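Work through the following exercises with the model open beside the text. Each one sets a task and then solves it step by step.

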Amino acid sequence: MPKIYTKEEKENIRRELQNASRECLKRYGVRHTTVDELVKMVNIPKGTFYLFYNNKEQLFLDTLETFSNNEEERYLQMLENLDENHIVTSLSTVFYEMAYSFYKSGLYNLLDDNQMNIIMRHLNDDEKERVKKSRYEYINKILYYFSIDDDREIASFKTAFNALFYIMLHDDAVEDIEGALKTLIRGLVLQLVE
């Protein structure tokens with residue numbers, strides 16, 4: 001008979017699986033991560049994994065969505081508390097926090113089209129649509145916060161901000177990723193507030 005988990009145990013297992021998925025994403029990528037590796041890291045039976053997820057791709061998607069939801073609240077709160085007297089510095093800090101926490105999480109690897117295509121192949125149509133909608137949701141909310149409604153300006157800013165994440169995919173070629181992100185983000189913020 002399968003083990004019955006309490007609500008707290010389920011939350012802990014889900015959190016641990018998400019932590020393991022981020023670590024595996026950094027080490028192996030989506031293709032080379034196995035359910036066996038994930039359950040070994042979390043120290044649960046393989047059958048327990050399937051109580052939570054149908055496949056590893058759903059785990060990666062859930063990890064990305066959980067991270068995004070948690071971080072979004074933090075960034076919007078940071079925007080609410082901006083120092084109006086130092087707007088460029090304050091905004092640069094918010095955008096840097098966004099980019100760098102995404103980098104540290106290892107989830108930036110999902111920006112690689114090959115990695116994301118592996119996940120997308122294993123999702124149902126509703127999940128695929130949700131992924132497509134959420135890709136730029138962060139930026140849309142932030143730009144809305146500044147009442148930017150020029151479609152060309154929004155598209156340009158999204159593209160430029162997205163380029164920052166693609167730099168992360170090649171972090172081995174960037175000598176000082178933190179410094180590079182700070183400098184590039186400050187330039188984007190100067191464009192945004194001009």
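A residue is called buried when its relative accessible area is under 20%, exposed when that area is over 50%, and partly exposed in between, with a 1.4 Å probe and protein chains only. The structure is a predicted model, in which local features need pLDDT of at least 70 and side-chain atom pairs count only at pLDDT 80 or more, while totals for chains, interfaces and linings use all residues. Residues are numbered from 1 along each chain as its sequence is written, and side-chain values use heavy atoms, with hydrogens and water left out.

**Exercise 1. Describe the chain as a whole, including the confidence of the prediction.**

Step 1. Take the secondary structure, where helices (H or I, at least four residues) and strands (E, at least two) are DSSP runs numbered from the N terminus. The chain has eleven helices and zero strands.

Step 2. Turn to the overall dimensions and burial. Along the principal axes, the C-alpha atoms fill a box of roughly 65 × 35 × 30 Å, and of the 194 residues in the chain 44% are buried.

Step 3. Consider the contacts, a contact being heavy atoms within 4.5 Å. Among contacts with a separation of 6 or more, 65% are between residues 24 or more positions apart.

Step 4. Check pLDDT, the predictor's confidence in each residue on a scale from 0 to 100. The chain has a mean pLDDT of 85, with 91% of its residues at 70 or more; among its elements, helix α9 (residues 137-145) has the lowest mean, 66, and α3 the highest, 97.

**Exercise 2. Trace the salt bridges that involve R74, and state how accessible each partner is.**

Step 1. Apply the rule that a salt bridge is a side-chain nitrogen of Lys or Arg within 4 Å of a carboxyl oxygen of Asp or Glu. The count by this rule is five.

Step 2. Begin with E71, whose side chain meets that of R74 in a salt bridge at 2.8 Å, N to O. Both residues belong to helix α5 (residues 56-80), where they stand three residues apart, about one turn of the helix. E71 is buried because its relative accessibility is 13%, whereas R74, at 33%, is partly exposed.

Step 3. Continue to E97, which forms a salt bridge with R74 at 3.4 Å, N to O. Because E97 lies in helix α6 (residues 87-105) and R74 in helix α5, this pair ties together parts that are 23 residues apart in sequence. E97 has a relative accessible area of 27% and is therefore partly exposed.

Step 4. Put the pairs together: E71, R74 and E97 are linked in a network of salt bridges.

**Exercise 3. Explain what the salt bridge between D36 and K46 joins.**

Step 1. Locate the pair, whose side chains meet at 3.0 Å, N to O. D36 lies in helix α3 (residues 35-42) and K46 in helix α4 (residues 46-52), so the bridge ties together parts that are ten residues apart in sequence.

Step 2. Compare the accessibility of the two ends. D36 is partly exposed at 44%, and K46 is partly exposed at 38%.

**Exercise 4. Characterise the packing of helix α1 against α5.**

Step 1. Two packed helices are described by the angle and the distance between their axes. Here axes are lines fitted to C-alpha atoms, for helices over the stretch in contact, and angles run from 0 to 180 degrees between N-to-C directions. The axes of α1 (residues 7-27) and α5 come within 9 Å and cross at roughly 100°.

Step 2. Classify the angle: under 35 degrees counts as roughly parallel, over 145 as roughly antiparallel, 65 to 115 as roughly perpendicular, and the rest as oblique. The helices α1 and α5 are therefore roughly perpendicular to each other.

Step 3. List the residues that make the contact: R14, L17, Q18, S21, R22 and L25 of α1, and L59, F60, D62, T63 and T66 of α5.

**Exercise 5. Describe the surroundings of G29.**

Step 1. G29 is located in helix α2 (residues 29-32), and its relative accessibility of 7% is why it counts as buried.

Step 2. Leaving out residues up to four places away in sequence, G29 touches C24 and Q115. The C-alpha atoms of G29 and N109 are separated by 7.3 Å, although these residues are 80 residues apart along the chain.
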